[in-house]
Amino acid sequence: MSAPFSSTSANSAPTVLVTGSAKRLGREIALALAAGGWRVAVHYKGSALEAEKTVSDCAALTPGAALFQADLSDESEVRALLPRVIEQLGTVDAVVNSASTFEHDNPASFGFEAMDTHMRTNTGAAIILAQALHAHMDARNRAAPDKVLDSSEVHSGAVVNMLDQKLWNQNPDFFSYTLSKAALEAATTMLALALSPLVRVVGVAPGLTLTSHLLTQDKFAALHKLSPLGRSSTPKDVAATVRFALENQSITGTTLLVDGGQHLMRFERDFSLM
Ligand SMILES: NC(=O)c1ccc[n+]([C@@H]2O[C@H](COP(=O)([O-])OP(=O)(O)OC[C@H]3O[C@@H](n4cnc5c(N)ncnc54)[C@H](OP(=O)(O)O)[C@@H]3O)[C@@H](O)[C@H]2O)c1
């Protein structure tokens, strides 16, 4: 058996970078991983106060959590992010790509600007972080050039890409967002092949899990019930699935849908516009 998450740093906990983890689902994922013994690198863009709270809450569960700010639509900031985490924390074992731009457009209003914004943050950044994790794993394994590593000493890691049940149940709302997640789903397959055996790549696709400013609580509660199971996903279900995907050594190149079966139904509009 390989030793996927054996850190070489002083801190023996495996380390995970969770993008967009200041609040909402990203925070829930960060806390679930910290509760499971992961040291969490909390990334945020603008929500500094919430991110500091996530760091202190994660650190109370597993020491060593740290804070990293970056705009993931800027390629140079994305390329610098994992090296910054490695410099501060020593090693990284996994990345959860949860940060996401979610702005409304449709085929009538579609333009390059919306496409570019969504593709940079939701697709391009996730791919570059997976690429960087693979390079880091490769470097860790080459760190002992005079020694032939046996399989129990080979370092390997994992990436989880947050997708959306919408990809299996499409409608034209949030057109650029959906395109960016469709591209990320395809990238999950291709990266799983390209980065194996050092890095596994898994998609996790929630259903309607958290409300937004576009929905009242009552409307959200009613829509959450619209699924074969009578409930969509909860933040805890989603976070537990991310942890499972990171820790299960046999999963790569596939997506776990966590949505109460919403992807089996047909919705003419996005939930927020129903
Ligand atoms: N919530 C749901 O019901 C649901 C359903 C299906 C799929 N998902 C997926 O699950 C993931 C998490 O969902 P969520 O609702 O928690 O996401 P969210 O609230 O829409 O966004 C999460 C974070 O992404 C960060 N972000 C946005 N643009 C960024 C940029 N250019 N650079 C860096 N960070 C940026 C923001 O960080 P700051 O606040 O720090 O600026 C934001 O807090 C997403 O990938 C989403 O597509 C969610």
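Colleague: Start with the ligand. Which residues come nearest to the ligand?

Modeller: This is a predicted model, so treat every value as computed from it. Gly20, Arg24, Leu25, Lys45 and Ser100 come nearest, out of 25 residues around the ligand.

Colleague: How do I read the make-up of that shell? How many nonpolar, polar and charged residues does the shell have?

Modeller: Sort the shell by class, then by element. By class, the shell around the ligand has ten nonpolar residues, ten polar ones and five charged ones. By element, helix 1 gives the largest share, with three residues.

Colleague: Arg24 is on the nearest list. Where is the place of Arg24?

Modeller: Arg24 sits in helix 1. Its backbone deserves a look. Most residues other than glycine have a negative phi. Arg24 has a positive one, near 55 degrees.

Colleague: Is Arg24 buried or exposed?

Modeller: Count C-beta neighbours. Buried needs 20 or more within 10 Å, and exposed means 12 or fewer. Arg24 has 18 inside 10 Å, so it counts as partly exposed.

Colleague: Now a residue further along helix 1. Is Ala34 buried or exposed?

Modeller: Ala34 belongs to helix 1, residues 24-35. Ala34 is buried, because 26 other C-beta atoms lie within 10 Å.

Colleague: Which residues does Ala34 touch, not counting residues up to four places away in sequence?

Modeller: Ala34 touches Val40, Cys58, Leu61, Thr62 and Ala65. For a contrast in distance, take Tyr177. Ala34 and Tyr177 are 143 residues apart in sequence and 29 Å apart in space, C-alpha to C-alpha.

Colleague: Step back to the whole chain. How many helices and strands are there in the chain?

Modeller: Seven helices and seven strands. Read the order from the N terminus: β-α-β-α-β-α-β-α-β-α-β-α-α-β. The radius of gyration is 18 Å, close to the 19 Å from the globule rule for 274 residues, so the chain is as compact as a globular protein of that length.

Colleague: What box do the C-alpha atoms of the chain fill? And how do I read burial and contacts for the chain?

Modeller: The box is roughly 60 × 35 × 35 Å, taken along the principal axes. For burial, use a share: 47% of the 274 residues count as buried. For contacts, look at sequence separation. Among contacts between residues at least 6 apart in sequence, 76% join residues at least 24 apart.

Colleague: On to the sheet. In what order do the seven strands stand?

Modeller: The order is 3-2-1-4-5-6-7, in an open sheet with parallel pairing. Strand 3 (66-69) and strand 7 (254-258) stand at the edges, each with a single partner strand, so one side of each has no neighbour in the sheet. The twist averages 20 degrees from one strand to the next.

Colleague: How do I read a single pairing? How many bridges pair strand 4 and strand 5?

Modeller: Count bridges, then pick a register pair. Strand 4 (residues 94-97) and strand 5 (residues 157-162) pair in the parallel sense over four bridges. Val96 stands opposite Val160 in strand 5. Strand 5 is also joined to strand 6, again parallel, by six bridges. There, Val159 stands opposite Val201 in strand 6.

Colleague: Which strands do the helices pack on? Take helix 2.

Modeller: Helix 2 (residues 48-61) packs on the sheet and touches strand 2 (39-44) and strand 3. Its direction makes about 175 degrees with that of strand 2. Helix 5 (residues 175-195) lies across strand 5, strand 6 (199-206) and strand 7. It runs at about 160 degrees to strand 6.

Colleague: How many residues of strand 6 are buried?

Modeller: Eight of its eight residues. Now split them by face. In a regular strand the side chains alternate between the two faces of the sheet. One side holds Val199, Val201, Gly203 and Ala205, and the other holds Arg200, Val202, Val204 and Pro206. Both faces are covered.

Colleague: Any unusual backbone in the loops? Where does Pro197 lie?

Modeller: Check omega and phi. Most peptide bonds are trans. The bond from Ser196 to Pro197 is cis, with omega near 5 degrees. Pro197 lies in the loop between helix 5 and strand 6.

Colleague: And phi of Phe174? Is Phe174 buried or exposed?

Modeller: Phi of Phe174 is positive, near 50 degrees, in a residue other than glycine. Phe174 is in the loop between strand 5 and helix 5. It counts as buried, because it has 24 C-beta neighbours inside 10 Å.

Definitions and conventions
Residues are numbered from 1 along each chain as its sequence is written. This is a predicted model: local features need pLDDT of at least 70, side-chain atom pairs count only at pLDDT 80 or more; totals for chains, interfaces and linings use all residues. Helices (H or I, at least four residues) and strands (E, at least two) are DSSP runs, numbered from the N terminus. Two residues are in contact if their C-beta atoms, placed from the backbone, lie within 7 Å. Two strands pair if DSSP finds at least two bridges between them. Axes are lines fitted to C-alpha atoms, for helices over the stretch in contact, and angles run from 0 to 180 degrees between N-to-C directions. A residue is near a molecule or strand if its C-beta atom, placed from the backbone, lies within 6 Å of it. Ala, Val, Leu, Ile, Met, Phe, Trp, Tyr, Cys and Pro count as nonpolar, Asp, Glu, Lys and Arg as charged, and the others, Gly among them, as polar. The radius of gyration is taken over C-alpha atoms; the globule rule is 2.2 Å times the number of residues to the power 0.38.
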